[in-house]
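I am keeping these notes for someone who meets this structure for the first time. I went through it one topic at a time and wrote down what I looked up.

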Amino acid sequence: MKRTVFESEHEQLRATAREFLARECAPHVEKWEANGQVDREVYKKAGDAGLLGFNMPEEYGGGGSTDFRFNAVVAEELSRFGGAAPGLTLQNDVVAPYFLHLANDEQKKRWMPGIASGETILAVAMTEPGAGSDLAGIKTTAKRDGDHYIVNGNKTFISAGINSDLVVVVCRTNPDPSAGHKAFSLLVVERDMEGFERGRKLDKMGLKAADTAELHFTDVRVPAENLLGEEGKGFYHLMQNLPSERLSIGVSAIAGARAVFEETLQYVKDRKAFGQPIGSFQHNRFVLAEMSTELDIAEQYIDRCLRAVLDGELTAVDASKNKWWCTELAKKVIDQCVQLHGGYGYMNEYRVARAYTDSRIQTIFGGTTEIMKDLIGRDMGL
Ligand SMILES: Cc1cc2nc3c(=O)[nH]c(=O)nc-3n(C[C@H](O)[C@H](O)[C@H](O)COP(=O)(O)OP(=O)(O)OC[C@H]3O[C@@H](n4cnc5c(N)ncnc54)[C@H](O)[C@@H]3O)c2cc1C
């Protein structure tokens, strides 16, 4: 079904992203996957190509756009490219909005030009070894000491954990257990601060070129000017930003699944068994028809959500519905595409095999399917 949400300027950025990925990323995939991280320089090149910072204010070198459809086309192209794409959606859709919405003028001046140009790589560190879905269990502390905070604790599973220059760290600033959600604040920890160490680069089943890492903080003295937003409001700030992250994950999931589906469609026309193309067996034809229908429906829902963002109407619940449904559908579609490829679908030289492991995280990170359903259920008064 034709998508009508994107206009010519979005399609121009899509074409730029596609060309950039082919030119600057495709030749390096093997090396990046072997190293477990992309080269830092690719962020700067992405900035030069206009794929970063389009949502940052013009006075700081950004594009000045507030139109999330630009984020969406970049996310779709990265996902179509595959799991070795650099983490530009993490930068654009997940972490930059914290700076956009919470930074004061001095912080904007200090950090935004680098974020927009790609010289500064961002990460956000919420998850800890003992606290993922239940963020209230965060143990990393930030204790005020004059004009500094002293940060102690450990984070894990942090995307761009190794490459990042600025990490938005969720810390407990109020040790009083009765403080509840008001106990947390966001602090920006910078690359070379003493006591900030990168731990293991984690060995994952997929997304081999993404540096997902442990971070350790031992008596890190973080200047109070690095507090993002208000002290004690960290949780509220997270809740404000998570909808765009969740929408972005849904967008990426369906674009990736669509790309795998299209390749599979060609495969089932070419591959023959019992004297006929495997796609023409009635069972497979039905499976393919169902996938085609479901992908169309998902895209229409995504496009409706993108319009809702434009109109300032996207709710946290809408974003949660989008996130769980799109990522679960992508998981199902890619699994069925593996099946349709037979043994070849299990071989890493085929895109479908890599997509199977690369995409598996999508129902987990950014809030699991169960947590999304919990949010939706609570909103219905359950
Ligand atoms: C590749 C990768 C990248 C990541 N990037 C980042 C990042 O950049 N920054 C960051 O902070 N984190 C990141 N994460 C962490 C990710 O967000 C968490 O793994 C995720 O939120 C789940 O938390 P958990 O792993 O602690 O699982 P748990 O919270 O222990 O959950 C385990 C299972 O229990 C279920 N469960 C938990 N609570 C409930 C409930 N109330 N009802 C029903 N079921 C429930 C969950 O749905 C899940 O199935 C990343 C993780 C991975 C693997």
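Entry one, the annotated span. I looked up the record first, and UniProt, in an unreviewed entry, lists residues 232-380 as "domain: Acyl-CoA dehydrogenase/oxidase C-terminal". I read everything that follows from a predicted model, and in that model the span 232-380 is 74% helix and 3% strand. I also checked its two ends, where the C-alpha atoms of the end residues lie 28 Å apart.

Entry two, the division of the chain. I noted that the domain assignment divides the chain into domain 1 (8-120), domain 2 (124-232) and domain 3 (236-379). I then turned to domain 2 and domain 3, whose C-alpha centres lie 31 Å apart. The contact between them takes 15 residues from domain 2 and 11 residues from domain 3.

Entry three, what that interface consists of. I found that about 950 Å² is buried between domain 2 and domain 3, and that carbon and sulfur atoms give 74% of this area. How many salt bridges does the rule find across the interface of domain 2 and domain 3? I wrote down 0 salt bridges for this interface, while the rule for polar contacts finds 2 residue pairs there, both at pLDDT 80 or more.

Entry four, backbone angles. I went looking for positive phi values with a general expectation in mind, namely that most residues other than glycine have a negative phi. F157 has a phi near 60°, which is positive although the residue is not glycine, and I located F157 in strand β3, which covers residues 148-159. F274 likewise has a positive phi without being glycine, in this case near 50°, and I placed F274 in the loop between β9 (272-273) and β10 (276-277).

Entry five, the surroundings of those two residues. Are the side chains of these residues buried or exposed? I recorded a relative accessible area of 56% for F157, so F157 counts as exposed, and I recorded 82% for F274, so F274 is exposed as well.

Entry six, a residue in a helix. I looked up T369 and found it in helix α11, which runs over residues 369-379. Its relative accessibility is 4%, and therefore T369 counts as buried. Which residues does T369 touch, once those up to four places away in sequence are left out? I listed W324, T327, E328 and T363 as the residues that T369 touches on that basis.

Key
Residues are numbered from 1 along each chain as its sequence is written. This is a predicted model: local features need pLDDT of at least 70, side-chain atom pairs count only at pLDDT 80 or more; totals for chains, interfaces and linings use all residues. Side-chain values use heavy atoms; hydrogens and water are left out. UniProt positions are given in the numbering used here, feature names are shortened, and annotations may be inferred rather than shown by experiment. Helices (H or I, at least four residues) and strands (E, at least two) are DSSP runs, numbered from the N terminus. Buried means under 20% relative accessible area, exposed over 50%, partly exposed in between (1.4 Å probe, protein chains only). Contact means heavy atoms within 4.5 Å. Domain bounds come from an automatic or database domain assignment. Buried area is the accessible area (1.4 Å probe) that two parts lose on being put together, summed over both. A salt bridge is a side-chain nitrogen of Lys or Arg within 4 Å of a carboxyl oxygen of Asp or Glu. A polar contact is a pair of N or O atoms within 3.5 Å; within protein, one must be able to donate a hydrogen and the other to accept it, and residues adjacent in sequence count only if both atoms are side-chain atoms.
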